[in-house]
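Please open the model in your viewer and keep the selection tool at hand, because the tour moves from one selection to the next. At each stop, make the selection first and then read what is there.

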Amino acid sequence: MDRSESPEAVSAVATAPTPPAAGTTRAGSQSKISSVLLLVLIAAALFRIVTTVMDRGQEGTAVGLIRWTEARSAAAAARSAGKPILYDFTAEWCGPCKMLDADGWADAKVAAFVNESFVPARVVDRAREDGRNPSWIDDLQRRYGVNAFPTLVVAAPDGRQIAVAQGYSGKQKLTEFLEGARGSANLPVGR
Amino acid sequence: MIAVRGVSKSYGRFGRRVQALTGVDLAVARGETLGLIGPNGAGKTTLLTCLLGFLRPDAGSIAVDGLAPDDLAVRARTGYLPERLGFDRELPGRAFLKHHWRLAGGDPALADAETERAADRVGLDREALKRPLRGYSRGMLQRIGLAQALLRDPDLLFLDEPASGTDPRGVALVRERILEAKARGATIVLNSHQLPEVERVCDRIVFIDQGRLTKSETLKGASATRRRGVIRVDAGRLVEAAAALSTEGLAADAEPEGWLRFPLASDDEMVRAIRAIVLSGVAVYEARVSAELEELFEKNA
Amino acid sequence: MSEMVRRFVRQKFGSGGLVAALAVLALLEVLGLVSRGADRGLGMANWAILVVAAGSVSRDVSSGALQMILSRPIRRTEYLFGRYFGILAAYALFLVVTWLLTLLVAAVMPAGTRPAAADLSAGTLAVATGSAFLSGALQASILLFFSTFLPGIADLLGLLLVYLVLNLPQMASAPWLRNAAERARENMLPAVEWNEVLRGHGVLGAATGRWVFALTVYLAMAAVIFSRRELPYGQE
């Protein structure tokens with residue numbers, strides 16, 4: 001009674017179907033998006049690499065065995081690491097500074113302790129050589145009342161001063177100062 | 001225009017997979033109005049969702065004019081009315097339509113005029129447009145949904161239960177709009193339970209049951225594959241009427257209130273059927289040719 | 001995409017509850033700023049970004065609005081970044097309102113009542129607001145990422161999970177675990193001294209580079225997931 005009830009007839013009821021695209025692959029517009037995304041990702045990665053390298057470059061040659069952080073990102077690094085900052089205010093022309101570098105920072109045990117317990121950052125004064133410092137160095141020196149070199153300042157990540165030591169009086173005193181400062185910092189683990 | 005080949009789709013996680021569609025083959029010609037009918041949960045909505053490119057079939061392919069269904073070129077010509085309208089309630093009707101007008105790529109300068117035109121065509125007045133969708137009745141939501149689907153006169157329309165929850169005036173409006181779109185050559189895929197409406201607007205229907213496309217019937221024109229004659233006679237003289245039909249070679253099913261249903265090979269047979277009954281002296285109260293789509297639901301076990 | 005941004009802002013500020021929550025946060029912020037000053041940044045801003053950004057994509061998925069929108073000739077990434085910039089726009093609005101209110105309150109307060117130490121200079125306030133915006137932008141990108149595949153406001157849980165996973169190991173004794181967590185945190189939740197950066201120090205620093213990279217990665221992951229995602233119909 002009824003015509004064309006069978007499933008075969010179903011596909012027969014077609015009127016010149018247009019040939020389909022290969023499966024249901026994404027439309028062309030979608031693949032263009034992926035290449036844009038890829039480019040953006042690569043650009044961001046490059047930016048990241050460049051900025052990291054530039055940061056490292058600013059630290060200059062490695063001094064002793066300390067893993068120095070760039071002074072301006074020290075606060076952020078300290079916050080995420082949950083450690084206090086150790087600023088080493090120093091200058092090229094300063095004799096005691098060189099002694100600190102050679103004796104203190106080059107010592108394996110001291111360096112290990114500093115690397116483990118602080119975010120160490122070097123702030124090199126350039127007033128004599130260049131005539132003036134960049135403003136951020138002036139700001140930092142002013143904030144911690146630095147007027148002689150070397151001055152070691154231990155600060156909390158929010159900038160609060162915890163301990164300060166002027167001059168270099170030998171490895172023993174240095175170690176005592178550092179250990180004492182770490183204790184006073186007494187930061188809770190984490191942020 | 002739309003070519004569906006061997007499409008299968010399943011849902012769900014391991015251990016609870018539901019096979020929503022199996023081996024569906026379907027072709028919709030340009031300018032054709034196709035009705036998808038079938039029991040609840042049969043996979044009609046899944047099929048529609050695949051046609052719209054929101055689901056990727058596990059097997060098989062779907063192409064619209066040779067392109068992937070989610071191609072932007074296809075989208076630009078598509079109007080879609082989903083079954084459920086639960087969105088952007090805080091927007092006033094006008095803002096909602098203007099938003100879709102702009103999304104569809106319409107000229108922003110014409111947004112106001114086109115919005116009003118669209119609202120007029122679905123019977124929504126200016127007052128209604130000012131109100132947020134939150135305050136719309138179900139029927140009004142259907143209307144504005146339809147208005148949205150018809151923006152920019154798409155030549156590909158997907159309508160999922162467009163008349164559900166509307167009053168008779170709303171149903172008539174939907175029918176008028178569909179026929180209007182048809183007249184300008186649009187290809188329409190309609191998912192609906194309102195069988196009389198389906199019969200009025202669709203050129204062809206396919207019946208989907210448990211994920212398979214089990215029947216395809218052409219409803220209109222000389223090649224119509226499904227015709228029924230339905231005649232109501234004086235209930236007391238049913239037997240005589242049935243006998244009259246059988247002399248014409250038409251075997252009828254009789255129902256108590258005086259209905260006789262019988263398959264027809266052509267409209268001419270209907271003329272003969274009526275004449276046979278009248279000449280046998282039985283009064284004919286009603287007569288129509290119909291596809292009687294409800295019967296499709298009964299036969300499938 | 002501007003259409004998507006506009007829609008997002010309208011969606012958010014059309015919701016009475018959300019506006020009320022933001023108003024409360026703004027008031028608390030203003031009170032805090034006026035009493036403490038702006039040099040330590042904005043405290044409530046974090047909550048504001050959570051309120052604004054939660055469920056940004058999942059809401060449209062569950063309401064069915066996404067299917068209707070995506071039936072239009074709009075790319076998925078256009079929609080997604082429209083949502084993201086919408087979040088930023090709504091958040092910026094919150095910050096600007098807070099900023100203006102603070103200036104207003106500070107100006108109107110009688111001379112003796114305001115704590116003298118509170119630094120509410122335009123510069124400090126601007127830097128604090130800018131910092132809040134930038135750190136909020138990163139959090140929003142993480143929330144957006146989670147919202148592309150988690151339902152409802154589970155993206156908030158995702159963010160919480162990230163914070164937990166990256167911070168808990170700090171309490172561990174094994175240094176390798178602490179170091180690994182520190183390294184992971186640096187990369188996934190980079191902390192930037194925005195106060196310094198916005199004053200011009202360390203703009204091209206390693207921290208900024210990490211932040212830019214992290215933000216890009218979260219947004220890229222969100223874009224990839226969202227582009228591939230299927231949208232089955234409804235919750236029937």
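Begin by selecting helix α4 of chain B, residues 111–121, and then add what lies over its buried residues, which includes α3 (93–103), α5 (126–130) and α6 (138–150) of chain B. Helices here are DSSP runs of H or I with at least four residues, strands are runs of E with at least two, and both are numbered from the N terminus. Two residues are said to be in contact if their C-beta atoms, placed from the backbone, lie within 7 Å.

Before going further, note that this is a predicted model, in which local features need pLDDT of at least 70 and side-chain atom pairs count only at pLDDT 80 or more, while totals for chains, interfaces and linings use all residues. Residues are numbered from 1 along each chain as its sequence is written, and chains are lettered from A and ligands numbered from 1 in the order in which they are written.

Which residues of α4(B) are buried? Colour Thr115(B), Ala118(B) and Ala119(B), which are the buried ones to look at; a residue is buried if 20 or more other C-beta atoms lie within 10 Å of its own, exposed if 12 or fewer, and partly exposed in between, with C-beta atoms placed from the backbone. Thr115(B), Ala118(B) and Ala119(B) cover an arc of only 100 degrees around the axis, so they lie on the same side of α4(B); the arc is that of the directions from the helix axis to the C-beta atoms. Turn to the other side of α4(B), and you will find Ala113(B) and Asp120(B), which are exposed. Just after the helix, select Gly123(B), which takes a positive phi of about 75 degrees.

Now show the whole of chain B, which has eleven helices and 13 strands. Its C-alpha trace spans about 65 × 50 × 35 Å along its principal axes, and 46% of its 301 residues count as buried.

Within chain B, select the open sheet of four strands in the order β11-β12-β10-β13, where the pairing is antiparallel; two strands pair if DSSP finds at least two bridges between them. At the edges stand β11 (253–255) and β13 (284–290) of chain B, each with a single partner strand, so one side of each has no neighbour in the sheet. Between β11(B) and β12(B), residues 259–263, the antiparallel pairing runs over three bridges, and Ala254(B) stands opposite Leu260(B) in β12(B). Add helix α9 of chain B, residues 238–247, which packs on the sheet and touches β10 (228–233), β11 and β12 of chain B, its direction making about 15 degrees with that of β12(B). Axes are lines fitted to C-alpha atoms, for helices over the stretch in contact, and angles run from 0 to 180 degrees between N-to-C directions.

Move on to chain A and select its open sheet, whose four strands follow the order β2-β1-β3-β4 with mixed pairing. The edge strands are β2 (119–125) and β4 (161–166) of chain A, each pairing on one side only. Strand β3 of chain A, residues 151–155, pairs with β4(A) in the antiparallel sense over five bridges, and Thr151(A) stands opposite Gln166(A).

Finish where chain A meets chain C, a contact that takes 26 residues from chain A and 27 residues from chain C. On the side of chain A that touches chain C, α2 (28–58) and α3 (74–81) of chain A each supply at least two residues, and α2(A) gives the most, with 14 residues.
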